[in-house]
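User: I'm new to reading protein structures and would love a close look at a single part of this one. Please go slowly and show me how the pieces there fit together.

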Amino acid sequence: MNRDGRLGVGIIGAGRVGPVIGAALAGAGHAITGITKGSDPERVEAILPGVPVLEATEVIRRSELVVIAVPHDQLEGLVSGLAAVGAWQPGQLVLHTDAAYGTGVLAPAMAQGAIPLAVHPAIVFAGTSMDLRALTTGYAAVTAPGPVLPIAQALAVELGCEPVVVAEDDRPTYAEAISAATEFSRSIVRQAAGLLSQAGVPHPAAFLSGLVHTTVDHALAAAGSGDPGEPADTING
């Protein structure tokens, strides 16, 4: 780490999340050392212009902080596979962005001296620079061993998020809540749009926009106050 606290940051995972996390950290003054290859190099270049595309082992070698942003079912195997080739470095910060895992999944890296951090920004990523704005209004679940928890919290703040500590044992429940909020919302909107199309309503997505946003706003306000409240009547006025 530099004296001013700035880090050399490497990104493993060039999907919707990794490049945006890299751009947010670059905006906070960190230097992006490299990113692994993705399926959409033009999009990655637009978000992280000039950042070299490297193999994962080289990303790790160059970096003081390694951000792992890969699909849930790939994370465990990736971490252990890189440990098998001795890639992780003592004192290196290793941060993953998966909702369901705490730091336990990083145990193979920890065994080689790396410092584990789990930071999940609670937004739906589109994979574009527009996500940077969404991060500034969002929260992030942070999990880390006590002595390094402030580092995880500080990195969440540098992403633009409000950090919220989630205990290691509570990560599965946290992930279930996140999944329920996102998947159920998508499913309901798709179902409603399909029914409106059957009813002959043009542009069903646009038609639903105001209704869905106001309904969610009312539900969030009620949840925040601890009062379930009465459902808004959208049929009878």
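Analyst: Let's begin with some vocabulary: a residue is called buried when its relative accessible area is under 20%, exposed when that value is over 50%, and partly exposed in between. A192 makes a good practice case, because its relative accessibility of 25% counts as partly exposed. You will find A192 in helix 8 (residues 171–198). Please keep in mind that this is a predicted model.

Now to the part I would like to show you, the sheet. The model has an open sheet of seven strands in the order 2-1-3-4-5-6-7, and the pairing is mixed. Strand 2 (31–35) and strand 7 stand at the edges with a single partner strand each, so one side of each has no neighbour in the sheet. From one strand to the next, the twist averages 25°.

Here is some background on how such sheets hold together. Strands of a sheet pair through backbone hydrogen bonds, either parallel or antiparallel.

Let's walk along the sheet from strand 4. Strand 4 and strand 5 are paired in the parallel sense, over four bridges. Within this pairing, L95 has L117 of strand 5 as its bridge partner. Strand 5 (residues 115–121) is also joined to strand 6 by four bridges, and these two strands run antiparallel. On that side, P121 stands opposite A140 of strand 6.

Strand 6 deserves a pause. Four of the five residues in strand 6 (residues 139–143) are buried, so the rest of the structure largely encloses this strand. Strand 6 is joined to strand 7 (residues 162–165) by four bridges, and the two run parallel. A141 has V164 as its bridge partner in strand 7. To get from strand 6 to strand 7, the chain passes through helix 7 (residues 149–159), and this β-α-β crossover is right-handed.

What packs on the sheet? Helix 7 does, touching strand 3, strand 4, strand 5, strand 6 and strand 7, with a direction that makes about 35° with that of strand 5. Helix 1 lies across strand 1, strand 2, strand 3 and strand 5, and runs at about 170° to strand 1. The two helices also meet each other: helix 1 (residues 18–27) and helix 7 pack at an angle of about 90°, with 8 Å between their axes. That angle makes helix 1 roughly perpendicular to helix 7. Their contact is made by I21, A24 and L25 from helix 1 together with L155, E158 and L159 from helix 7.

Another helix to look at is helix 4 (residues 72–84), where L75, V79, L82 and A83 are buried. Among the elements covering these buried residues are strand 1 (8–12), strand 3 (65–68) and strand 4 (93–96).

Finally, let's look inside. In soluble globular proteins, nonpolar side chains tend to be buried together. In this model, the largest nonpolar core has 34 residues, and V9, L25, L65, V67, L117 and V119 touch the most other members. You have already met L117 as the bridge partner of L95. Leaving out residues up to four places away in sequence, L117 touches a list of residues that includes L93, L95, T143, I151 and L155. Apart from this core lies another one of 19 residues, with V66, I68, V105 and A114 among them.

Notes: Residues numbered from 1 in each chain as written. Predicted model: local features only at pLDDT ≥ 70, side-chain atom pairs only at ≥ 80, totals over all residues. Heavy atoms only, no water. Buried < 20%, exposed > 50% of the residue type's maximum accessible area, 1.4 Å probe, protein only. Pairing = 2+ DSSP bridges. Right-handed = clockwise from strand over helix to strand, strands pointing away. Core = buried A, V, L, I, M, F, W, Y, C linked by side-chain atoms within 4.5 Å. Contact = heavy atoms within 4.5 Å. Axes fitted to C-alpha atoms, helices over the stretch in contact; angles between N-to-C directions. Parallel < 35°, antiparallel > 145°, perpendicular 65-115°, else oblique.
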